[in-house]
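Work through the exercises below with the model open. Each task is followed by a stepwise solution.

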There are 2 protein chains.
Amino acid sequence: MPRPSTPLLNRARIRSHALAMVDAAGLGGLSMRKLAGELGVQAPSLYTHYRTKDELLQDIADDIMSTVDVSDFATDWAAGVRTWARSYRAAMAAHPNMVPVIASGPARRETALARADAVHGGLVRAGWPPRYATMIGASTKYLVLGAAMSSFSRGFEDDVQVYVDRYPHLDQAHRLRDHADEIDADSFELALDAFIHGLTALRATL
Amino acid sequence: MPRPSTPLLNRARIRSHALAMVDAAGLGGLSMRKLAGELGVQAPSLYTHYRTKDELLQDIADDIMSTVDVSDFATDWAAGVRTWARSYRAAMAAHPNMVPVIASGPARRETALARADAVHGGLVRAGWPPRYATMIGASTKYLVLGAAMSSFSRGFEDDVQVYVDRYPHLDQAHRLRDHADEIDADSFELALDAFIHGLTALRATL
DNA sequence: ACCTGAACACCGTTCAAGT
DNA sequence: ACCTGAACACCGTTCAAGT
């Protein structure tokens with residue numbers, strides 16, 4: 001009997017199911033065997049399409065990073081940084097469990113390099129010395145990835161009662177799970193504002 | 001024959017060897033079996049001292065975090081933030097492979113709570129509204145952990161030649177491995193300066 | 001080209017047993 | 001209390017074999 005004309009698997013289908021598993025159950029919840037099972041196939045079949053699990057994860061990371069927007073560097077550097085940082089953070093927030101992969105992945109792919117070039121070029125065209133352009137790019141990444149890591153792993157757990165009385169300055173109303181997303185978003189905006197404000201002041205002295 | 005008066009294992013010895021393994025070979029290089037082997041013991045013996053591998057890692061994370069300095073919040077808030085951020089970053093830089101563990105660990109332990117309380121209290125005493133104190137604490141953590149993640153995973157790899165010509169704005173002199181530590185340190189200081197500068201300006205408007 | 005079954009070399013952890 | 005041997009339920013990956 002002839003094999004079906006379309007293969008059971010393809011890279012897009014593998015990525016989509018893998019990402020769904022990571023979103024639902026964390027990075028630890030993804031295994032090649034379980035992924036294969038959900039795709040109706042045996043684990044070794046996946047290796048026809050991806051050479052390693054890491055290559056699969058990096059490919060998913062690339063998909064996620066493709067939504068990052070560096071177009072505003074064409075306008076002015078501050079708007080460029082702001083839009084870049086916000087869209088970068090939004091991409092992380094959409095798939096928080098992928099943050100460690102994205103943060104640790106080598107930024108070698110064409111698209112990643114093109115983005116880095118747009119950032120660096122935008123800052124240099126705006127008059128920042130190349131070394132400052134590098135540092136501003138790095139700093140912005142710190143802020144985005146740090147914020148993403150924090151939301152990846154909620155710092156304070158559910159059992160607030162344990163420490164409520166003991167540490168009077170820890171106003172738990174600002175710490176509860178319910179508010180964590182809002183606090184994260186506001187803290188990120190505060191940091192981004194203060195950072196760009198400080199850079200603008202520095203820019204005037206160069 | 002009587003057993004030796006001192007046990008082969010204790011928590012401090014386990015932590016110390018485990019941390020050495022993580023420093024040398026990364027988080028993936030630490031397994032309970034290999035750790036036991038290096039301690040001259042079988043893997044299950046470790047479970048007499050630590051209930052899980054994660055508990056062991058969290059305990060090591062606590063050790064590392066104990067070097068973080070929040071004492072300058074007694075002076076003024078800006079000095080407090082600066083010293084806190086720098087000592088925090090130094091702690092991460094000493095054991096970069098532990099960063100994901102520290103970043104993802106729930107900050108529930110007594111010492112972690114005491115530190116968070118010192119930060120929050122110091123900012124509130126300096127006149128920051130509690131909500132701002134929370135956000136400034138969170139933002140500073142973003143910066144430190146983001147910077148630590150970046151150095152945990154060097155963004156650009158060794159094979160610079162691949163992209164040198166293609167992306168003219170990526171001046172690889174600023175990207176090479178040799179300079180990565182310096183760039184990281186300078187970028188962190190730049191971001192910290194700009195952040196505190198921006199906060200100081202904001203503080204005047206409240 | 002695509003998929004499978006069996007296998008290799010690992011994991012974290014449990015548990016009954018020994019001292 | 002502390003340590004061991006054997007075992008359970010997993011991993012990522014390879015490879016010969018099938019279609």
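A residue is near a molecule or strand if one of its heavy atoms lies within 4 Å of it. The model is predicted: local features need pLDDT of at least 70, side-chain atom pairs count only at pLDDT 80 or more, and totals for chains, interfaces and linings use all residues. Residues are numbered from 1 along each chain as its sequence is written, chains are lettered from A and ligands numbered from 1 in the order in which they are written, and side-chain values use heavy atoms, with hydrogens and water left out.

**Exercise 1. DNA strand D**

Task: Find how many residues surround DNA strand D, and which are the closest.

Solution.
- Step 1. The count is 20 residues, and the closest are Arg33(A), Tyr47(A), Leu8(B), Gln42(B) and Ser45(B).
- Step 2. Of the strand D atoms that come within 4 Å of the protein, 56% belong to sugar and phosphate.
- Step 3. Now take polar contacts (pairs of N or O atoms within 3.5 Å; within protein, one must be able to donate a hydrogen and the other to accept it, and residues adjacent in sequence count only if both atoms are side-chain atoms). Met32(A) places a backbone N or O atom 2.9 Å from a phosphate oxygen of strand D. The side chain of Tyr47(A) has an N or O atom 2.8 Å from a phosphate oxygen of this strand. For Lys53(A), a polar backbone atom is 2.8 Å from a phosphate oxygen of strand D.
- Step 4. Helices are DSSP runs (H or I, at least four residues; strands are E, at least two), numbered from the N terminus. Helix α2 (residues 32–38) of chain A gives the most to this surface, with three residues.

**Exercise 2. DNA strand C**

Task: Classify the residues of the surface near DNA strand C.

Solution.
- Step 1. Ala, Val, Leu, Ile, Met, Phe, Trp, Tyr, Cys and Pro count as nonpolar, Asp, Glu, Lys and Arg as charged, and the others, Gly among them, as polar.
- Step 2. The split is ten nonpolar, six polar and four charged residues.
- Step 3. Helix α2 (residues 32–38) of chain B gives the most here, with three residues.
- Step 4. Check the phosphate oxygens of strand C. One is 2.7 Å from a polar backbone atom of Leu8(A). Met32(B) has a polar backbone atom 2.9 Å from a phosphate oxygen. For Lys53(B), a backbone N or O atom lies at 2.8 Å.

**Exercise 3. Ser139(B)**

Task: Decide whether Ser139(B) is buried or exposed.

Solution.
- Step 1. Locate Ser139(B) in helix α7 (residues 130–152) of chain B.
- Step 2. Buried means under 20% relative accessible area, exposed over 50%, partly exposed in between (1.4 Å probe, protein chains only). At 1%, Ser139(B) is buried.
- Step 3. The Ser139(B) side chain reaches the backbone oxygen of Ser187(A) at 3.0 Å.
- Step 4. List contacts (heavy atoms within 4.5 Å). Leaving out residues up to four places away in sequence, Ser139(B) touches Leu143(A), Ser187(A), Leu190(A), Ala191(A) and Phe195(B).

**Exercise 4. The second largest cavity**

Task: Find which residues line the second largest cavity.

Solution.
- Step 1. On a 1 Å grid over the protein atoms alone, a cavity is a set of points where a 1.4 Å probe fits but cannot get out; lining residues have an atom within 4 Å of a point.
- Step 2. The lining is Leu143(A), Ala191(A), Phe195(A), Ser139(B), Leu143(B), Ala191(B) and Phe195(B).
- Step 3. By class, this lining has six nonpolar, one polar and no charged residues.

Conventions
1 Å grid on protein atoms, 1.4 Å probe; cavity = no way out; pocket = protein on both sides within 12 Å on 5 of 7 lines; lining within 4 Å.
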